[in-house]
Every structure is written in C-alpha cells, then in structure tokens.
Amino acid sequence: MSLIPPTGLQGLKESLSKLKERFDGTQGEPYVVESKKFKALYFDSDSTQSLMDMQAPIRLVVSYTETMMGFLLFHANPQSIAMIGLGGGSLAKYCHHYLSGASILVLENNPKVIALKDKFHVPENSAKFTVLEADGAAFLRNSEEKFDVLLVDGYTKLGQAAQLCSEDFYASCLACLNPGGILVINFSGAAGLNQVYQERIDRVFNHPSVLVMEDDRMNQILFASNGLSLKTPAEDLLRRSSALSQVHDIHLARTAQNFLVQRNLDSRQ
C-alpha cells in the first residue's frame, strides 16, 4: 500500500470523490477507480492500495514498489519468492515477467481483493505462479516451504495487519527463508511503531536490518537477511545496481544509494 497523495492524478481524484460517499466507511471493501491513464485499487479515498498504468500494466508506478524490488541488489536471481498481500498485483506481475525462472507464491486473505485480480492483469495460476487465499502469518507458521525472498505488503483498511507485526510472525519469516534469504517489508512512513517493529526483527534475525525511508516519506521499506547480504560493500552494491538497471527499468541506483545512506547512519549509532 502507498499513502501517496493524488497530486498529478487529478482525473483519478475527481472520479474517486464521486465514489467516496458511497464506499468510504462502509465495509472497508476494495474497489477500483479508473481514469484514462491509470487504474487504482482502494479501500478508502485516503490511500492508494495499488496503481496500474493502463498502457503498461507491468510497470511499477508507485515508488515504494520499486524500492521493495531492491532485494535484487542482494539476490539477483531468486528461484522462489513468497509475497504476503496481493493488492493490485504490481510486485507479483513484475516478478512474474522479469524473474521468469522463479516460483512465485502470493498469499492474500481477502477473497474480494483476489476477485479483482483480472482487472489488474494478474497472471492466472500456473506451475510457477500461484495466488492463494490464505492468512499469510498462519501459512508461514504452519508451512515447511522455503523461499529465497519474502515480500510483505499486507494492509487492510485500518493499516498494517496486526498479525504481520508480531515477533512470532518475524520468527516465521526467518524460518521460511533459505540461507542468504531476504525479507522486505513495506511500512507506512507515518507510523510511529516502525522502530519497534525493526527492533523485533533484529532480535529475531540476530542481524541488523536496514529501514529505508522513501523520498516522499510516505513509506519505509525494511530489508532484513538471515546472513551477511546486507553488509555487502558499497562499491559492490552500486556496481550491481548499474548492471541490473540494464534489465530492470526501476530506480535500483536510487534504492542502493538510499540503502547505503541509512546503513551508514545506523553504523554510527
């Protein structure tokens, strides 16, 4: 989810305002709003759950999703990816297209979100790609599957799902990662509890995580690993971002820079 303001999306905002009274504050059900250029998923008019470019459905439109793809800096060719939270399927579609060798499992507990997936061009289930109706926390707790990358972007109308913020959940995340695995979590940039969540993660993983603030300050993206990946030398990360940018049209260089700035700040504390 992104708490992005609708600046630059005036047509979308106007369409949304017409639906606000009808939808907001009722059942918190997801709904879709379209303009000529974009299609958006909302739970209410205050925040965008997902945004799709109608002319380029696979393109990552919202900045924080590009930052979450920063896991490529540490694991450029994952063979297995799990995601908690489907939304409009932005990350799922991107990974399915650009990381075709990976098996992708998307866990979404809201059937009404899943019911909208065709509107956002989310691929059909196949041997390599599965959208599963399931509580992500419960699934990881009871599963023996292992993944190279775990992406957590699970929101409801009320914000970050409580079951995705506990120390037990973070322990489940650690248990499901392969050696050298990467955990990436999207947090609201305005949330005062992000530091608490980060401390929980660091205790569980026994390695320091890095919490990167988005440039618009609407989201913070946390990177954690069960190994030493996050300690990769700066010059290597910058070199990787340059090489990956030949394939991935996303802001990996900026993500690398923001990551390194925050890592350096953390090392001085």
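## Exercises on a predicted model

Helix 7 gives the most to the lining of the second largest pocket, with three residues. The model is predicted, so that local features need pLDDT of at least 70 and side-chain atom pairs count only at pLDDT 80 or more, while totals for chains, interfaces and linings use all residues. Residues are numbered from 1 along each chain as its sequence is written, and side-chain values use heavy atoms, with hydrogens and water left out.

**Exercise 1. Describe the lining of the second largest pocket and its volume.**

Step 1. A pocket is an open set of points on a 1 Å grid over the protein atoms alone, with protein on both sides within 12 Å along at least five of seven lines, and its lining residues have an atom within 4 Å of a point. The second largest one has a volume of about 210 Å³, volume being the space filled by probe spheres set on the points, which are joined across faces, edges and corners.

Step 2. Its lining consists of Q195, Q198, D202, P208, S209, L211, Q220, Q262, D266 and Q269, and at least two of these residues come from each of helix 7 and helix 9 (252-267). Helices (H or I, at least four residues) and strands (E, at least two) are DSSP runs, numbered from the N terminus.

Step 3. By class, the lining divides into two nonpolar, six polar and two charged residues; Ala, Val, Leu, Ile, Met, Phe, Trp, Tyr, Cys and Pro count as nonpolar, Asp, Glu, Lys and Arg as charged, and the others, Gly among them, as polar.

**Exercise 2. Work out where the buried residues of helix 6 lie and what they pack against.**

Step 1. In helix 6 (residues 167-175), F169, Y170, S172 and C173 are buried, that is, under 20% relative accessible area with a 1.4 Å probe, protein chains only. Because they cover an arc of only 155° around the axis, they lie on the same side of helix 6, the arc being that of the directions from the helix axis to the C-beta atoms.

Step 2. These buried residues pack against strand 4 (80-84), helix 5 (136-142), strand 7 (147-152), strand 10 (177-188) and helix 7 (194-205), where contact means heavy atoms within 4.5 Å.

**Exercise 3. Characterise the surroundings of S80 in strand 4.**

Step 1. S80 lies in strand 4 and is buried, with a relative accessible area of 13%.

Step 2. Not counting residues up to four places away in sequence, S80 touches A102, S103, K146, F147, D148, V149 and N178. The C-alpha atoms of S80 and S103, which are 23 residues apart along the chain, are separated by 4.7 Å.

Conventions. Buried < 20%, exposed > 50% of the residue type's maximum accessible area, 1.4 Å probe, protein only. 1 Å grid on protein atoms, 1.4 Å probe; cavity = no way out; pocket = protein on both sides within 12 Å on 5 of 7 lines; lining within 4 Å.
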